[in-house]
Amino acid sequence: MALQLVAVASLLLGSAFLVMAGSMHGLLLAVQGTAAGFSTTELGLLGTGWATGFVAGCILIPYTVRRVGHIRAYGALASVAAVTILLNLLIVTPLAWILLRAISGFTYAGASMIVESWLNERAGRENRGKIFSVYQMVSFAASTAGQLFLAINAPSEYFYFVLGAIFYCLAILPTALSTAATPQPLKTTRFDIRRLYALSPVAAVACFLIGLANGAFGTLGPVYASRIGLPVSKVAILTAGALLGGSLIQFPLGWLSDRMDRRRVLVAVGIGAVAIGAAIVSLRPRDPVLITGLIVLYGAMVYPMYALTVAHANDFAGTDEFVKTASGLLLLYGFGTMIGPVVAAYVMQAWIPEALFAFTLSVYVVVVAYTLFRMTRRAPPSPRARETFQGLPLPKTVTPESAVLDPRATTPGPLPDPAEAAGPPGGQDGADPAGQ
């Protein structure tokens, strides 16, 4: 195992710096934008800008890499990301930050895709699962560390902008100096929403809705914390706590979902998210310890939802459809994150900071209701036709290339029995005959 990791150590290190910088960048803009007097709607548009750039990068970057190569493309993208965070420091206007945020989303997606494709090339059938698991741990640890850096008392206002730029630059070095062979060209992401819906209506609809709610929370959670008077250090701990809660519970929920209908688990965590969101809206807590505790529980409910929906879709997908399905669901999630922050920001600005959770809980109510409806229209797959749950990094830190690294992309598994997958007469593998 140690020798296997040494072979990809430089790539994992580069990914760690990249994720750390990206995580710090996002939280920093939310906190500093609030301090600079940006409206909640303008802060929400920062999330929309990021999501737009990220999705565009996932679609367009493969063409760029084919023209100039992996190393040149990666160096250019990470360099532009460093320049972007410094421009955030020099040009402090809402419009400039929204446009720069779209650029940072584009460059981050492209750089991440290149690292992931390189890891794909270095991973063999015998060690793919181990490398994928380590990559998940690196992504989570770096994302958490990037946010916790803001808990340090900075010596100046520009300290974190410069530190973020340094991390972006450090991300270039391991890849530039790596002796690993250049990987094959990146795979172009294909998006077929009709096929995704036919494969699994719950996964297609839920991924978009979860993107709406989780995108809003990821962008505006720090804004909510700042609006209710928490200091920057407490804001950083709060957002990192949500990530920690989501990561720690993902595997126990996955174990449970392997032994029962995954939709039941999705409904359970959806109801939990609604309950915690309702508690925050009704109680309007101001004690930092209570708020952080509620947010950790909230993160434990909402962040595993994406992995559960992907696992449910993969139960009905053939082994040759895994990558396409995972990539398509990630883009559906991304489209949701374009819309969610703007809508939630408008609600927050018109009402109270806790309106963020009023918006997200309303979305989760729809997720729960639609999932329950689909459970009456389609039976779960038989146990032998189901894939084993595989935890996933947060969608904001991975690209469609990560689906190729997932061991399920290359490990043959049992295909669903068409007769068993069909379920009740009302629906087969997708939309009902009546179009429901």
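This passage walks through the fold, helix packing, core and cysteines of a predicted model.

The chain folds with 17 helices and zero strands. Burial is a good place to start: of the 436 residues, 58% count as buried. Contacts also reach along the sequence, and among those between residues at least 6 apart, 89% join residues at least 24 apart.

Two helices lend themselves to a simple check of length. Helix H6 covers residues 159-170, and its 12 residues should span 16 Å at 1.5 Å a residue; the end C-alpha atoms are indeed 16 Å apart, so the two values agree. The same exercise for helix H11, residues 262-283, gives an expected 32 Å for 22 residues, and the end C-alpha atoms of H11 lie 32 Å apart, again in agreement. Just past the end of H11 comes Arg284, which adopts a positive phi of about 45°.

Helix H6 also has a packing partner. Its axis and that of helix H3 (residues 70-90) come within 8 Å and cross at roughly 175°. Angles over 145 degrees count as roughly antiparallel, and H3 and H6 are therefore roughly antiparallel to each other. On the H3 side, the residues that meet H6 are Ala78, Ala81, Ala82, Ile85, Leu86, Asn88 and Leu89; their counterparts in H6 are Tyr160, Phe161, Val162, Gly164, Ala165, Tyr168 and Cys169. Burial within H6 takes in Tyr160, Phe161, Leu163, Gly164, Ala165, Phe167 and Tyr168.

Turning to the core, the largest nonpolar core holds 121 residues, and Leu356 and Phe357 touch the most other members. Leaving out residues up to four places away in sequence, Phe357 touches Phe217, Tyr224, Gly277, Ile280, Val281, Ile295 and Tyr298. A little further along is Thr360, which lies in helix H15 (residues 355-375). Thr360 has a relative accessible area of 1%, and because the cut-off for buried is under 20%, Thr360 is buried. Beyond its neighbours within four places in sequence, Thr360 is in contact with Ala213 and Tyr298. Tyr298 thus appears in the contact lists of both Phe357 and Thr360.

The cysteines round off the picture. A disulfide is a covalent bond between the sulfur atoms of two cysteines. A search of the whole structure finds zero disulfides. Two of the cysteines can be placed by their accessibility. Cys169, one of the H6 residues that meet H3, counts as partly exposed at 39% relative accessibility. Cys207, at 1% relative accessibility, counts as buried.

Methods:
Residues are numbered from 1 along each chain as its sequence is written. This is a predicted model: local features need pLDDT of at least 70, side-chain atom pairs count only at pLDDT 80 or more; totals for chains, interfaces and linings use all residues. Side-chain values use heavy atoms; hydrogens and water are left out. A nonpolar core is a set of buried Ala, Val, Leu, Ile, Met, Phe, Trp, Tyr and Cys residues joined through side-chain atoms within 4.5 Å. Buried means under 20% relative accessible area, exposed over 50%, partly exposed in between (1.4 Å probe, protein chains only). Contact means heavy atoms within 4.5 Å. Helices (H or I, at least four residues) and strands (E, at least two) are DSSP runs, numbered from the N terminus. The expected span of a helix is 1.5 Å times one less than its number of residues. A disulfide is a pair of cysteine sulfur atoms within 2.5 Å. Axes are lines fitted to C-alpha atoms, for helices over the stretch in contact, and angles run from 0 to 180 degrees between N-to-C directions. Angles under 35 degrees count as roughly parallel, over 145 as roughly antiparallel, 65 to 115 as roughly perpendicular and the rest as oblique.
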